[in-house]
Amino acid sequence: MATPRRNLISVSNTPYYHCISRCVRRAYLCGQDPLTGRSYEHRRDWVEKKLFQLGRIFCIDICAYAVMSNHTHLVLHIDIAKAKRLNNRAILIRWHKLFKSAFLCQRFLNGELLTQAELAAVNARVNLYRERLSSISWFMRVLNESIARKANLEDECKGRFWEGRFKSQALLDEAALVACLAYVDLNPVRAKAADLPEESDYTSIKSRFNAAQNNKQPKSLMRFAGKPRKHMPKGLPFELKTYLQLVDWTGRSIRKDKPGKIPEEALPILERLNICTENWLTLTTSFTRSFKNTAGKEQAITAYTNHMKRKRRSSIANSLALFT
């Protein structure tokens with residue numbers, strides 16, 4: 001039996017989640033459909049533009065993404081601190097960029113004088129919007145619904161476009177996070193849609209490679225903040241240069257089927273997270289098959305299970321085998 005989404009996403013356990021959405025039809029989401037010969041390549045641009053738009057509106061950061069022919073991969077970070085920090089006016093402005101404005105909220109934004117009862121109603125509405133703007137469920141709902149509507153209009157049909165609601169995995173520690181980031185970034189390479197990560201269009205890794213050539217990081221994606229330290233700024237807890245080297249090495253190993261031995265100076269992340277070469281390649285080629293609802297080391301999964309008051313530890317056998 002599927003686990004309710006409210007029991008899968010718990011910000012107190014981890015703010016990082018891997019989300020997958022897959023098409024229900026035989027026709028492709030993007031790319032060239034071999035059955036009809038029709039090209040849907042332009043839909044990749046739909047997904048990427050909508051994704052970046054939502055990243056600017058929601059209190060959710062995009063860590064990684066890959067728009068494939070019939071599915072999408074996202075790694076998202078919930079920024080609860082930002083949601084709490086925004087004032088009522090900022091929350092309403094963000095929400096109204098996506099949905100129609102309530103009459104009282106519009107009066108509030110226009111600076112009109114409201115009664116105490118009306119202000120209380122506005123505050124209640126703002127609190128609801130604040131919660132939704134930091135909700136992965138609402139983020140994925142808006143993203144997938146908009147793409148489905150445009151695709152149905154283009155195909156002149158009705159009905160489901162996605163298999164169902166998106167699937168999600170909680171990334172409980174740094175080891176699970178970096179493995180999932182590499183898994184998502186190397187999806188086009190594994191699918192033979194691109195020979196090199198930097199040549200894979202509509203992916204986060206290409207954006208990072210392009211920005212890195214100018215010694216920058218893309219504004220649309222969550223930054224790499226470097227190694228964890230006392231005064232840690234917001235961002236992914238890894239060094240960008242090291243991560244790009246890690247992805248490059250992993251991609252070469254996957255394509256040539258030569259795991260080999262990892263030089264310590266080339267892969268300090270793996271050394272720090274204590275993941276051996278063979279296990280790393282397994283993680284970055286079959287992440288979604290290895291883990292169900294949660295991903296992380298034994299201690300992280302145990303703590304998550306206890307906090308969520310569950311009886312069974314999901315994917316614990318694979319965690320013990322791959323993160324040892």
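Both faces of strand β3 are covered in this structure, with H71, H73, V75 and H77 buried on one side and T72, L74, L76 and I78 buried on the other. The strand as a whole is accordingly described as mostly covered, 8 of its 8 residues being buried. These statements, like those that follow, refer to a predicted model. In that model the secondary structure of the protein comes to 15 helices and 5 strands, and buried residues make up 51% of its 324 residues. Among contacts between residues at least 6 apart in sequence, 66% join residues at least 24 apart.

Strand β3 belongs to an open sheet of 5 strands, in which the order is β2-β3-β1-β4-β5 and the pairing is mixed. The edges of this sheet are formed by β2 (60-67) and β5 (294-295), each of which pairs on one side only. Strands of a sheet pair through backbone hydrogen bonds, in either a parallel or an antiparallel sense. For β2 and β3 the sense is antiparallel, with 7 bridges between the two strands, and the pair forms a hairpin in which 3 residues lie between the strands. Within this pairing, A66 stands opposite H73 of β3. On the other side of β3, 7 bridges join the strand to β1, again in an antiparallel arrangement, and here S21 has T72 of β3 as its bridge partner. Strand β1 (residues 16-22) is in turn joined by 4 bridges to β4 (residues 167-171), these two strands also running antiparallel, and I20 stands opposite K167 of β4.

Two helices were examined for their packing against the sheet. Helix α6 (residues 136-155) packs on the sheet and touches β1, β2 and β3, its direction making about 145 degrees with that of β3. Helix α1 (residues 42-57) lies across β2 and β3 (71-78), and runs at about 170 degrees to β2. Helix α6 has 20 residues and reaches 28 Å from its first C-alpha to its last, which is close to the 28 Å expected at 1.5 Å a residue. At the start of α6, a side-chain oxygen of S135 comes to within 3.3 Å of the backbone nitrogen of S137, while the residue that follows the helix, E156, has a positive phi near 55 degrees.

The surroundings of H73 illustrate the setting of a residue within the sheet. H73 is placed in strand β3 and has a relative accessible area of 3%, so this residue counts as buried, the cut-off being under 20%. The side chain of H73 makes a polar contact with the side chain of H71, at 3.2 Å. When residues up to four places away in sequence are not counted, H73 touches H18, C19, I20, A64, Y65, A66, Y183, V184, N187 and T288.

Two packed helices are described by the angle between their axes and by the distance between those axes. For helix α3 (residues 88-96) and helix α5 (residues 116-132), the angle is about 60 degrees and the axes are 9 Å apart. The crossing of α3 and α5 is left-handed. On the side of α3 the contact is made by N88, I91, L92 and W95, and on the side of α5 by V122, N123, V126, Y129, R130 and R132.

Attention was then given to backbone conformation in the loop between α8 and α9. Most residues other than glycine have a negative phi. K192, which lies in the loop between α8 (187-190) and α9 (204-212), nevertheless has a positive phi, near 60 degrees, and is not a glycine. Y202 is placed in the loop between α8 and α9 as well, and has a positive phi of about 55 degrees although it is not a glycine. With regard to accessibility, K192 counts as exposed because its relative accessibility is 76%, where the cut-off is over 50%. Y202, at 21% relative accessibility, counts as partly exposed.

A further exposed position is found in helix α14 (residues 298-307), where Q299 is placed. The relative accessibility of Q299 is 71%, and this residue therefore counts as exposed. Although Q299 and D173 are 126 residues apart in sequence, their C-alpha atoms are 9.5 Å apart in space.

How values were computed
Residues numbered from 1 in each chain as written. Predicted model: local features only at pLDDT ≥ 70, side-chain atom pairs only at ≥ 80, totals over all residues. Heavy atoms only, no water. Pairing = 2+ DSSP bridges. Contact = heavy atoms within 4.5 Å. Axes fitted to C-alpha atoms, helices over the stretch in contact; angles between N-to-C directions. Buried < 20%, exposed > 50% of the residue type's maximum accessible area, 1.4 Å probe, protein only. Polar contact = N/O pair within 3.5 Å; in protein donor to acceptor, adjacent residues only side chain to side chain. Expected span 1.5 Å × (residues − 1). Left-handed = near helix turned anticlockwise from the far one by under 90°.
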